[in-house]
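Student: I have not looked at this structure before. Could you take me through it with some questions and answers?

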Amino acid sequence: MIKFYFQLLIPAAMMFCRFPKRKYFWVRLAVYLVLTLAISSFYKTPELMSFMSPFFQNLVFYSIAYLFTIAGCYICFDLPAPSTLFFIVEALIVQNFSHHLFIFIMRCLGVAVGDEYSKLKYLIFLGAVYTVVYLVFFYLMDKLKLKQVTKVPNTSIIVEVAFFLIMIVLGVYIRHGRDEIFNTITVALGYELYSTCLALLMLSMLLGIFNIGKLQESNEQLEERVILEGKYYHTAKKSADEIGAICHNLKHQIAALRKMDNVEEKEEIINELEKSVLFYGSIGKTGNPALDCVLTEAGMSCTKHDITLSVIADGSLIERIKFNDVYTIFGNIIENAIESNLNCKEKSKRYIELKIFERGGMCYVHVENWCKPSLSINGEIPKTSKTDKGHGYGVKSIIYLVEKYGGTTHIEASNSIFSLDILLPKDEVVQN
């Protein structure tokens, strides 16, 4: 029994090793392995299942083994239940394919039913067959970029599970309910060939499902980009309209300035002109559309509230992050920074500084702005109250999304300076 669980756990481990692990993963895994050893040691005994026919005994055996494997993967890995079910069933089909391929080869070699596990040379050959199949499977999963498939259509999951259940029940019935048919070598060969081809057909079908999943996710990202670009267009149009109005006013202000003798009035108009010119720098151009959209809106808001916005950002470093996630992360960061600056009565001290650059092969994000001297940091989340607006709102979503892409967040506040640092890997590391 332990051997069978071992056959299931290897493809499951190969399938799930790329996915994010749950908290206390090694503790969970250790407990699961101990329970696996315990269950495999006692649950299929003559005393417990003597009242059942061989067919139902084996059906219960396989059902418990498969369900326990599915539960173990869900407990140890941080994936939604439907996705966990889809990927583990695929791993179970790989095991089923390996088993029937091995038995088929044994029948071709003339090895009698039951004798395939009786000699060391057969067991070595079994290990060789399983190893080759599992390595090919692992190679294909790597080529398919399995980790990029985060959403599997529900219809695909239902079809996969239904076919798998039919395959298992039918296989158990033929092998353990009608075992007399295996007295004929031709029938035995035909059954194993049929089972091998059926498992291979299901694996081929799953490759198509992977493509559907990737296409669906790609379409969703495209829709997000269309929505975001539409938002960017309206923001840019609003900016263009405001710039047109500013240019119109500039023309009249310059004309009035030429005729003016009063120094104080001249200085006031010059300050207005300077503020208007600063508006032209409000249009973000970082190379990332989502970030540009955030910075464009931020630039207009900062100009309106006398906040100095300084940006040195290479948008290409965050191009792998989804458009809506970029908008959420940096939108929350800038919004919090603006709200914090509005608490500063001395307008000359209001500022926001954003830097995105490469450091040590990683994407490094640094944000700094004025904050209240009384602002306190509770771990990673700043404490806030209804009367103390600015930082804290949306910080949880920032941390969540940064961790989703394998990054870390560090927050500090001292001497009226709030700083937020984000470190992101440049490679594709996405958790779901």
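The exchange below starts with the whole protein and then turns to helix pairs and single residues.

Student: What kind of model is this, and how many helices and strands are there in the protein?

Tutor: The model is a predicted one. The protein is made up of both kinds of element, with seven strands. The helices number twelve.

Student: What share of the residues is buried?

Tutor: The protein has 432 residues. A residue counts as buried when its relative accessible area is under 20%. The buried share is 42%.

Student: How much of the accessible surface belongs to carbon and sulfur atoms?

Tutor: The accessible surface of the protein is about 23,000 Å². The part that belongs to carbon and sulfur atoms is 62%.

Student: Which share of the contacts with a separation of 6 or more joins residues 24 or more positions apart?

Tutor: The count takes in contacts in the protein between residues separated by 6 or more. Those between residues 24 or more positions apart make up 72%.

Student: How do helices H4 and H5 lie to each other?

Tutor: H4 covers residues 54–76, and H5 covers residues 81–108. Their axes come within 10 Å and cross at roughly 130°. Angles of 65 to 115 degrees count as roughly perpendicular and those over 145 as roughly antiparallel. The crossing of H4 and H5 is therefore oblique.

Student: Which hand does the crossing of H4 and H5 have, and what classes of residue form the contact?

Tutor: H4 passes H5 in a right-handed crossing. On the H4 side the contact has Tyr66, Thr69, Ile70, Cys73 and Tyr74, which meet residues of H5 including Ala81, Leu85 and Gln95. By class, the contact has no charged residues, four polar ones and eight nonpolar ones.

Student: Is Thr69 buried or exposed?

Tutor: Thr69 sits in helix H4. Its relative accessibility is 1%, so Thr69 counts as buried.

Student: Which residues does Thr69 touch, not counting those up to four places away in sequence?

Tutor: Two of the residues it touches, Ile88 and Leu92, also appear on the H5 side of the contact with H4. The full set is Leu8, Ala12, Tyr32, Ile88 and Leu92.

Student: At what angle do helices H5 and H6 cross, and how is their arrangement described?

Tutor: H6 covers residues 120–143, and its axis comes within 10 Å of the axis of H5. The two axes cross at roughly 140°. That angle makes H5 and H6 oblique.

Student: Which hand does the crossing of H5 and H6 have, and how many charged residues does the contact hold?

Tutor: H5 and H6 cross in a right-handed way. Among the residues in contact are Glu90, Val94 and Phe97 of H5 and Tyr122, Phe125 and Met141 of H6. By class, the contact has 15 nonpolar residues, three polar and one charged.

Student: Which residues is Phe138 in contact with, leaving aside neighbours within four places in sequence?

Tutor: Phe138 is in helix H6, and its relative accessibility of 30% means that Phe138 counts as partly exposed. Its C-alpha atom is 6.4 Å from that of Met14, although the two residues are 124 apart along the chain. The residues in contact with Phe138 are Met14, Cys17 and Arg18.

Student: Which hand does the crossing of H11 and H12 have?

Tutor: H11 (residues 323–341) and H12 (residues 395–404) pack at about 145°, with their axes 9 Å apart. Their contact includes Asp325 and Ile329 of H11 and Leu401 and Lys404 of H12. By class, that contact has five nonpolar, four polar and two charged residues. The crossing of H11 and H12 is left-handed.

Student: How far apart are the C-alpha atoms of Ser195 and Gly171?

Tutor: Ser195 is in helix H8, residues 185–259. With a relative accessible area of 5%, Ser195 is buried. Gly171 is 24 residues away along the chain, and the separation of the C-alpha atoms is 7.8 Å.

Student: Where does Asn415 lie, and is it buried or exposed?

Tutor: Asn415 lies in the loop between strands S6 (408–414) and S7 (417–425). Its phi is near 55°, a positive value in a residue other than glycine. With a relative accessible area of 72%, Asn415 is exposed.

Student: What is the phi of Ser416?

Tutor: Ser416 lies in the loop between S6 and S7. Ser416 is not a glycine, yet its phi is positive, at about 65°.

Notes: Residues numbered from 1 in each chain as written. Predicted model: local features only at pLDDT ≥ 70, side-chain atom pairs only at ≥ 80, totals over all residues. Heavy atoms only, no water. Axes fitted to C-alpha atoms, helices over the stretch in contact; angles between N-to-C directions. Helix = DSSP H or I, 4+ residues; strand = E, 2+ residues; numbered from the N terminus. Parallel < 35°, antiparallel > 145°, perpendicular 65-115°, else oblique. Left-handed = near helix turned anticlockwise from the far one by under 90°. Contact = heavy atoms within 4.5 Å. Nonpolar A, V, L, I, M, F, W, Y, C, P; charged D, E, K, R; others polar. Buried < 20%, exposed > 50% of the residue type's maximum accessible area, 1.4 Å probe, protein only. Areas by Shrake-Rupley, 256 points an atom, 1.4 Å probe, with all protein chains shown as cover.
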